[in-house]
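Open your viewer, get the selection box ready, and follow along from stop to stop. Each stop names something to select and then says what is there.

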Amino acid sequence: MRTYDFSPLYRSTVGFDRLFNMLDQTARAETSPGWPPYNIERTGEDDYRITMALAGFSPDEIELVQKENTLLVAAHKNTDQQQGSEVLHRGIATRPFRQSFNLAEHLKVTNAAFEHGLLTIELKREISEALKPRRIEIATGSGQLSVRQNNVTILDQNKVA
């Protein structure tokens, strides 16, 4: 296993602590299990889709929780439905699982659907207007300060007492 030193990046970046912590955790983590299989797709500039193959589970046995920047998908098969029959060969895995996904900031789950054994989770990046970039004009000797936000210039006249 290869270990990376991120300390040079700490000297030239600000506010990326969470990213570096995630990279450190990934480097130390054991190889993630390949079950259940899933795809992560980018469907638009700010849209994503996670599709998980969950054959053998029903929607009421699946738990989907987003807490801050983590999405947790967990499932546990109800044993009540399996009584009264003897399984001679089990080829469909129905073992319980917990799969978590680290989400980027401002990424929210907009929809989740379960159809034909596939759980589809739609995500969208939603950035508020206050967090979008804005251009700040530098005041000159005239005493006026203008702030340019979303192609609108706002003038603020400094008042002298």
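## A loop to start from

Begin with Glu68, which sits in the loop joining β3 (62-67) and β4 (70-75). Its phi is positive, about 55°, although Glu68 is not a glycine. That deserves a second look because most residues other than glycine have a negative phi. Is Glu68 buried or exposed? With a relative accessible area of 68%, Glu68 is exposed.

Keep in mind on this tour that the model is predicted.

## Zoom out: the whole chain

Now select the whole protein chain and colour by secondary structure. You should find 2 helices and 10 strands. Going from the N terminus, the elements read α-α-β-β-β-β-β-β-β-β-β-β. Of the 161 residues in the protein chain, 20% are buried. The protein chain exposes about 12,400 Å², with carbon and sulfur atoms supplying 51% of that area. Among the contacts in the protein chain with a separation of 6 or more, 44% are between residues 24 or more positions apart.

Switch the colouring to confidence. The protein chain has an average pLDDT of 78, and 72% of its residues score at least 70. Where is confidence lowest, and where is it highest? Strand β10 (residues 152-157) is lowest with a mean of 52, while β2 is highest at 95. Carry on to residues 157-161 and the pLDDT is below 50; this stretch has 3 contacts in the model beyond near neighbours in sequence.

## The sheet of 3 strands

Return to β3 and β4, and add β5 to the selection. Together they form an open sheet in the order β3-β4-β5, with antiparallel pairing. β3 and β5 are the edge strands, each pairing on one side only. On average, neighbouring strands of this sheet are turned by 15° against each other, direction ignored.

For a detail here, follow β4 across to β5: 6 bridges join these antiparallel strands. Select Ala74 and you will find its bridge partner, Arg98, in β5.

## Across to the sheet of 4 strands

Leave β5 (97-102) by the loop that leads to β6, and stop at His106 on the way. His106 has a phi near 70°, again a positive value in a residue other than glycine. His106 counts as partly exposed, at 27% relative accessibility.

Next, select β1, β2, β7 and β6. They make an open sheet of 4 strands in the order β1-β2-β7-β6, with antiparallel pairing. Which strands stand at the edges? β1 (38-42) and β6 (107-115) do; each has a single partner strand, so one side of each is left without a neighbour in the sheet. Neighbouring strands here are turned by 15° against each other on average, direction ignored.

Walk through this sheet pair by pair:

- **β1 and β2:** 5 bridges join these antiparallel strands. They form a hairpin with 4 residues between them, and Glu41 has Arg49 in β2 as its bridge partner.
- **β2 and β7:** 7 bridges join β2 to β7 (residues 118-125), again antiparallel. Select Met52 to see Leu119 in β7 as its bridge partner.
- **β6 and β7:** 8 bridges join this antiparallel pair, and Val109 stands opposite Leu123 in β7. The two strands form a hairpin with 2 residues between them, and His116 in the turn has a positive phi of about 55°.

## A closer look at Thr51

Within strand β2 (residues 47-53), select Thr51. Is Thr51 buried or exposed? Thr51 is buried, because its relative accessible area is 14% and buried means under 20%. Show its contacts: leaving aside residues up to four places away in sequence, Thr51 touches Pro37, Tyr38, Asn39, Glu41, Leu118, Leu119 and Thr120.

## Last stop: the nonpolar core

Finish with side chains switched on. The largest nonpolar core has 17 residues, and Met52, Val73, Phe97 and Leu123 have the most contacts inside it. Two or more residues of this core come from each of β2, β4, β5 and β7. In soluble globular proteins, nonpolar side chains tend to be buried together.

End on Leu123 and display what surrounds it. Not counting residues up to four places away in sequence, Leu123 touches ten-odd positions worth clicking through, including Tyr48, Ile50, Leu71, Leu103, Leu107 and Val109.

Terms used
Residues numbered from 1 in each chain as written. Predicted model: local features only at pLDDT ≥ 70, side-chain atom pairs only at ≥ 80, totals over all residues. Heavy atoms only, no water. Buried < 20%, exposed > 50% of the residue type's maximum accessible area, 1.4 Å probe, protein only. Contact = heavy atoms within 4.5 Å. Pairing = 2+ DSSP bridges. Axes fitted to C-alpha atoms, helices over the stretch in contact; angles between N-to-C directions. pLDDT = per-residue confidence, 0-100. Core = buried A, V, L, I, M, F, W, Y, C linked by side-chain atoms within 4.5 Å. Areas by Shrake-Rupley, 256 points an atom, 1.4 Å probe, with all protein chains shown as cover.
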